[in-house]
Amino acid sequence: MLSDAEKRREYDAERQFARTGGGYGGGYGGGAGGAGAGGFGDLGDIFGSMFGGGRRGGRGEPAPRRGQDLEVEVTLSFDQAMAGAEVPVTLEKTEACATCSGSGAKPGTSPRLCTACDGRGQVGRDIGGFSIPETCPECGGAGTIIEDPCSDCHGSGVRSAERRIRVRIPAGAKDGTRIKLKGKGGAGMRGGPAGDLHVITRVMPSPVFTRKGDDLVVEVPITFSEAALGAKIEVPTLDGRVKITVPAGSQDGRTLRVPGKGAPKLNGSGNGSLLAKLRLAVPSSLSDEQKEALEAFAALDGADPREKLFR
């Protein structure tokens, strides 16, 4: 409240007005024009508005209460997360009691207004001349008292129910992506709005791709001759194969980028890149002809790749 310039000015002005007696019969309280007589009135009204305590209407109106937010996890395959999917979700949520239409009172009866707080759900507690609002002890902040509760919901106005809904998961969802469905949570009470449903995605790993932000990494084995001489090879993508060029002299671990072939971006602005990481495939066994060819190559090469280690 103090960080809000407008509320701070209001607070300071009212406090100074009360201290100087400004027409209210002198001081904080009492005479014919005092705080209890109208003007300054119950400081709970002022503090309530300053602190956002007006969670209810005026006097005589029960306090609406927002429904509970719910959270649920859904498991997706990697392909579902990339393409987007509609998945079923089973929820245990509160809904307005059908028997009493959410009032909490037995059919044919109605909750009565709490006279201790005039239906506001709060009463003022005097602290040094200031009346600070606190929850009404008579109605527990409800603003009403149910003398004959509904037998099905026991006066709560809501009942627990299992519901199955379908949730649309956008293409490109990541592990841990949160999707908010407004108004799909628990039912509100006394006319309050329903809560929200938060869906958290859990994405299973891919046997081929590793995700790096919006990029997809794939390890591509290549032969010694392809790495040394260069080659055109095929690599997998989300929507089929694509040809890339391996430059001559490529080393193990070199990464080649293919723009637009990565994961879909959640904001809908295209795809990331495919990162093809080259891995030199060394054969575990050689034929006699292959051995002879490699021995001949080694004799012609003559270079020692480890020489720089001893310089």
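This passage describes aromatic pairs, surface patches and some backbone features of a predicted model.

A pair of aromatic rings is described by the distance of the centres and the angle of the planes. In the present model, the count of such pairs comes to 2. One of them is formed by Phe78 and Phe209, whose rings are stacked, with 6.3 Å from centre to centre and an angle of 20° between the planes. The arrangement is called stacked because planes under 30 degrees apart count as such. Phe78 belongs to helix H3, which covers residues 78-83, while Phe209 is found in the loop between strand S9 (197-203) and strand S10 (210-212), so the pair ties together parts of the chain that are 131 residues apart in sequence. Both partners are shielded from the surface: Phe78 has a relative accessible area of 9% and is therefore buried, and Phe209, with a value of 11%, is likewise buried. The term applies here because buried means under 20% relative accessible area.

A further aromatic pair is made by Phe224 and Phe297, and in this case the geometry is edge-to-face, with the centres 5.7 Å apart and the planes at 70° to each other. This pair also links distant parts of the chain, since Phe224 lies in helix H4 (residues 224-229) and Phe297 in helix H5, with their positions 73 residues apart in sequence. Phe224 is partly exposed, with a relative accessible area of 43%, and Phe297 is also partly exposed, with a relative accessible area of 41%.

Phe224 and Phe297 appear again in a nonpolar surface patch of about 530 Å², which they make together with Leu280, Val282, Leu286 and Leu294. Membership in such a patch requires over 30% relative accessible area, and the value of 43% for Phe224 and that of 41% for Phe297 are given above. Helix H5, in which Phe297 has its place, spans residues 288-301 and also contains Asp288. Asp288 takes part in a surface patch of another kind, namely a negative one formed with Glu289, Glu292 and Glu295. At a relative accessible area of 55%, Asp288 is exposed.

Turning to the backbone, two residues may be described for their phi angles. Asp118 has a positive phi of about 60°, although this residue is not a glycine. The position of Asp118 is in the loop that runs between strand S3 (112-113) and strand S4 (122-127), and with a relative accessible area of 35% the residue is partly exposed. His154, which is not a glycine either, likewise has a positive phi of about 60°. His154 is also placed in a loop, here between strand S6 (144-145) and strand S7 (158-169), and at 68% relative accessibility His154 counts as exposed.

A final point concerns Lys232, which lies in strand S12, a strand made up of residues 231-237. Lys232 counts as exposed, with a relative accessibility of 64%. The C-alpha atom of Lys232 is separated by 8.7 Å from that of Pro247, although 15 residues separate the two positions along the chain.

Conventions
Residues numbered from 1 in each chain as written. Predicted model: local features only at pLDDT ≥ 70, side-chain atom pairs only at ≥ 80, totals over all residues. Heavy atoms only, no water. Patch = residues over 30% accessible without salt bridge, like charges linked within 9 Å, V, L, I, M, F, W, Y side chains within 5 Å. Areas by Shrake-Rupley, 256 points an atom, 1.4 Å probe, with all protein chains shown as cover. Salt bridge = Lys/Arg side-chain N within 4 Å of Asp/Glu carboxyl O. Lys, Arg positive; Asp, Glu negative; His and termini not counted. Charge placed at Lys NZ, Arg CZ, Asp CG, Glu CD. Helix = DSSP H or I, 4+ residues; strand = E, 2+ residues; numbered from the N terminus. Buried < 20%, exposed > 50% of the residue type's maximum accessible area, 1.4 Å probe, protein only. Phe/Tyr/Trp six-rings, centres within 6.5 Å; stacked < 30°, edge-to-face > 60°.
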